[in-house]
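This report describes the secondary-structure packing and selected backbone features of the structure shown below. Helix pairs, strand pairing, aromatic clustering and local backbone geometry are treated in turn.

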Amino acid sequence: MSRWRRSVDELTAGRRRQQAECERAQNALSRVTSCFQQLAASLGSSADSSFLREEMDETRVLAHRICSGLSRRLLRLLSACDSAPVAVDDRHASERLWVLFLSAVEYFLSDLRRAKELIGQFPLTQRSSRRSLVNTGCTDGPVGLAARVALVQIPWLVLEEEPSPDLTNHIAGLEAQLGELQQRVPVAFWSVESTQPAWAEVLNNAEDPEESLEDLMEVEVASSGDGSTKLPACCRGTCCWVG
Amino acid sequence: MTIRTARPNRGQRFRPRTHCLKKLDAIVVEMQDPKNGVKGSEQKLNVTTIPHAIAGANIIAWISNKMKTTTEEAQVFGTMLVAYGYIYPLQNHRKLVMCNDSSLYRFQTPYFWPTQQWVPEDSDYAIYLAKRNIRKKGMLEPYEQVDYNHLHEWLNHKWDFIVMQATEQYKAGRDRNKADRVVFDCQERAFWIVNRPPRRTHSALDVGPERLINPNVEEKITFDQYRRVNIFYQQAIMRSKVKSSVSLGALVKYITSYKNHDAFLAPCLPSNPWETDHDAYWTLNMRRVDVPTKMRVERWSFSLFELLTDLRGRDDFKVFLKKEFSGENLAFWEAAEELKWGTASSMSAKAETIFKTFLAPGAPRWINIDGRTMGLTVKGLEHPHRYVLEAAQTHVFMLMKKDTFFRYLKSPTYKEIQKKALSPEAHNFSPAQLEENARNRSAGIHPIILWQQEEEEKAKAAAASAPVDVKAVMSKIDRKK
């Protein structure tokens, strides 16, 4: 009896460990995709360069590896849930991770498509093509993002080495994978509930005194008499502070 | 995962005018040329200086030079560029117009350009709102708060992903230098103002209901369609024709009489409720108002059809006819309308009452229609259907139009109501008052209350106008003698 209970406990502990690993991987995937989005937002603008595109490629490859590893592990987790008897909470947690992973893949896929279109529209092959880049006000590319991406540590990145696809194949592969994943695992995604209430993210990130965009866009105007009044370079500020 | 409907989403992407986006891309790229493009300057802020700020006047001058048009057209073109989201204003970011002065603008990065292929989804908007929430520490604008709550409810299954992605994007944004951070934030904010516009911001991507067909797809016309088209055109050739001078004359006459009453062409008095959120216009023009407005009374004089379709006008006409003792025509016309529009179960009963009241020889409210029509109608009433009284109704309508209507227009009843009619003053709201009006919008009168009022009025009318017995009236007059 006790041996059976011990094995069940081991199984549960193992599953929890796997779920925690998948959570961390999901966070890492979010980080990498947001870095990718920052890079993609500079495509075609004055901050575009071949260096930026190489960075983008590296980020994309990293995201691909995280995605494939995570999908394999989640599939294993969910099929284990199907075969062995599992507590309802565990199953809910696995389903939640599944839904979050699929949402992240969809989001990343739309970013990839947009990036591919932009690279096609603004090829940097000749020197003259730099003339057609849009003057958006960004001068240098995102420098700190490379460091951020490098900080991502996932166990299987070192262990499993795979050939990295180029952009078109990556998109096609992801689309196929998404379709296949949605069909293989019958998860009712509308039954997943979020663990955070609305407006909670403000409290989680309240540590840093970050100035709002309106503050940053203020311009000091020296008035005639007493001191200087802060004049927003933005609109008069009335509409922004209503409500 | 996104919940998608089974019907393919053919919204904004398939509007034909988004074909212009490729050409707009090319023009915006041309504006970037260091030699022949638009000259930029710098924007000085408290914390840093950002290059590539352009004055509206420079853009408009470049456009009118390049496209060889007038300044007004160039300004309209510039406004369209801003409304589509290719250029965003730096001051006054909510008003998407191009001003021909020194107000500053900047080009939007191609990632945020509008395209036919990529529609910004609700989950993207949710991530943006969550990010903005973090940055502004909960102080979102009212319309953003409403959207946030709505999305939190509908995207609850992926809300954790949304918050996670928003936090990561926020942190990734902070790694850049200050100037770039300001620029990226401006770009993103401008993008979402164009795609999810706040109230009274007019963005060009607001396109209305969906299309069921894709206008970009070439459709092959089948043999059967050609056959039907041929039959249609052959029949059209055989129809009797009206000279274009005649039909155009009729159109001109219609336009001249109605042009002051069109809310798009002439200002609506006191103010158009759709523009100013003030419903005085609707309350003044309700069904059972005592004193109608001057515009309404003028409209009654255009034709009998206008008079009868406006129920308030019909009431007035009834008052006039009562004085003339010739109300049976209108009563018959109304009864025929009721038969046409009523329920199928009540049709035979209604047909019976109509026959007894109006058509039978010696009926109390006998109408005077010619013999042929009377014969047709009576025969049809043996097997009544919805349109048995159509011929008689048309005849009665013509009688009223040719005779009673003109007498009505010259009558003291109409002249009195013309004098009494009120002409409200035009409203002149300041922007603060407009905001106030928008906040005070109420749901209006409940339809059940209106229906109850109608029922009461109908009961009163039925009681009051029991069939006027001609014989009784005649005997009263005899007795007076």
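## Strand pairing in chain B

S2(B) and S4(B) are paired in the antiparallel sense, over two bridges. The model under discussion is a predicted one. In S4(B), B:Leu104 is the bridge partner of B:Ala55.

These strands belong to an open sheet of four strands in chain B, ordered S1-S2-S4-S3, with antiparallel pairing. S1 and strand S3 (87-89) of chain B occupy the edges, each having a single partner strand, so one side of each is left without a neighbour in the sheet. From one strand to the next, the twist averages 55°. Strands of a sheet pair through backbone hydrogen bonds, in either a parallel or an antiparallel manner.

At one edge, strand S1 (residues 41-44) of chain B is joined to strand S2 (residues 49-55) of chain B by three bridges, and the two run antiparallel. S1(B) and S2(B) form a hairpin, with four residues between them. Two positions illustrate the register: B:Ser41 stands opposite B:Ala53 in S2(B), while B:Lys44 stands opposite B:Thr49 in S2(B).

At the other edge, S3(B) is joined by three bridges to strand S4 (residues 104-107) of chain B, again with the two running antiparallel. Here B:Pro89 has B:Tyr105 in S4(B) as its bridge partner.

## Helix packing

Two packed helices are described by the angle between their axes and the distance between the axes. The table collects these values for two helix pairs, one from each chain.

| Helix pair | Angle between axes | Distance between axes |
|---|---|---|
| H3 (residues 88-121) and H6 (residues 167-184) of chain A | about 155° | 10 Å |
| H4 (residues 122-136) and H6 (residues 159-174) of chain B | about 55° | 8 Å |

What is the relative orientation of H3(A) and H6(A) at a packing angle of about 155°? Angles over 145 degrees count as roughly antiparallel, and H3(A) is therefore roughly antiparallel to H6(A). The crossing of these two helices, H3(A) and H6(A), is left-handed. Classified by residue type, the contact of H3(A) with H6(A) has 13 nonpolar, three polar and four charged residues. Among the residues of H3(A) in this contact are A:Trp98, A:Phe101, A:Leu102, A:Phe108 and A:Arg113, and the H6(A) side includes A:His170, A:Ile171, A:Leu174 and A:Glu175.

A further pair in chain A consists of helix H1 (residues 2-41) and helix H2 (residues 50-83), whose axes come within 9 Å and cross at roughly 155°. H1(A) is thus roughly antiparallel to H2(A). The crossing in which H1(A) passes H2(A) is left-handed. By class, 19 nonpolar, four polar and five charged residues make up the contact of H1(A) with H2(A).

In chain B, H4(B) and H6(B) are oblique to each other, given their angle of about 55°. H4(B) passes H6(B) in a right-handed crossing. The contact between H4(B) and H6(B) has nine nonpolar, three polar and two charged residues. On the H4(B) side, the residues include B:Ala126, B:Ile127, B:Ala130 and B:Lys131; on the H6(B) side they include B:Trp159, B:Phe161, B:Ile162 and B:Tyr170.

## Aromatic pairs

How many aromatic pairs does the structure hold over all chains? The total over all chains is 24 aromatic pairs. In chain B, ring pairs link B:Tyr111, B:Phe112, B:Tyr125, B:Tyr128, B:Phe184, B:Phe191 and B:Trp192 into a cluster.

## Local backbone features

Most residues other than glycine have a negative phi, and most peptide bonds are trans. Two sites in chain B are noted against this background. B:Lys68 has a phi near 55°, a positive value in a residue other than glycine. The location of B:Lys68 is the loop between helix H2 (56-67) and helix H3 (71-84) of chain B.

The second site is the peptide bond that joins B:Leu269 and B:Pro270, which is cis, with omega at about -5°. B:Pro270 is found in the loop between helix H9 (244-258) and helix H10 (273-276) of chain B.

Definitions and conventions
Residues numbered from 1 in each chain as written. Chains lettered and ligands numbered in written order. Predicted model: local features only at pLDDT ≥ 70, side-chain atom pairs only at ≥ 80, totals over all residues. Heavy atoms only, no water. Axes fitted to C-alpha atoms, helices over the stretch in contact; angles between N-to-C directions. Parallel < 35°, antiparallel > 145°, perpendicular 65-115°, else oblique. Left-handed = near helix turned anticlockwise from the far one by under 90°. Contact = heavy atoms within 4.5 Å. Nonpolar A, V, L, I, M, F, W, Y, C, P; charged D, E, K, R; others polar. Pairing = 2+ DSSP bridges. Phe/Tyr/Trp six-rings, centres within 6.5 Å; stacked < 30°, edge-to-face > 60°.
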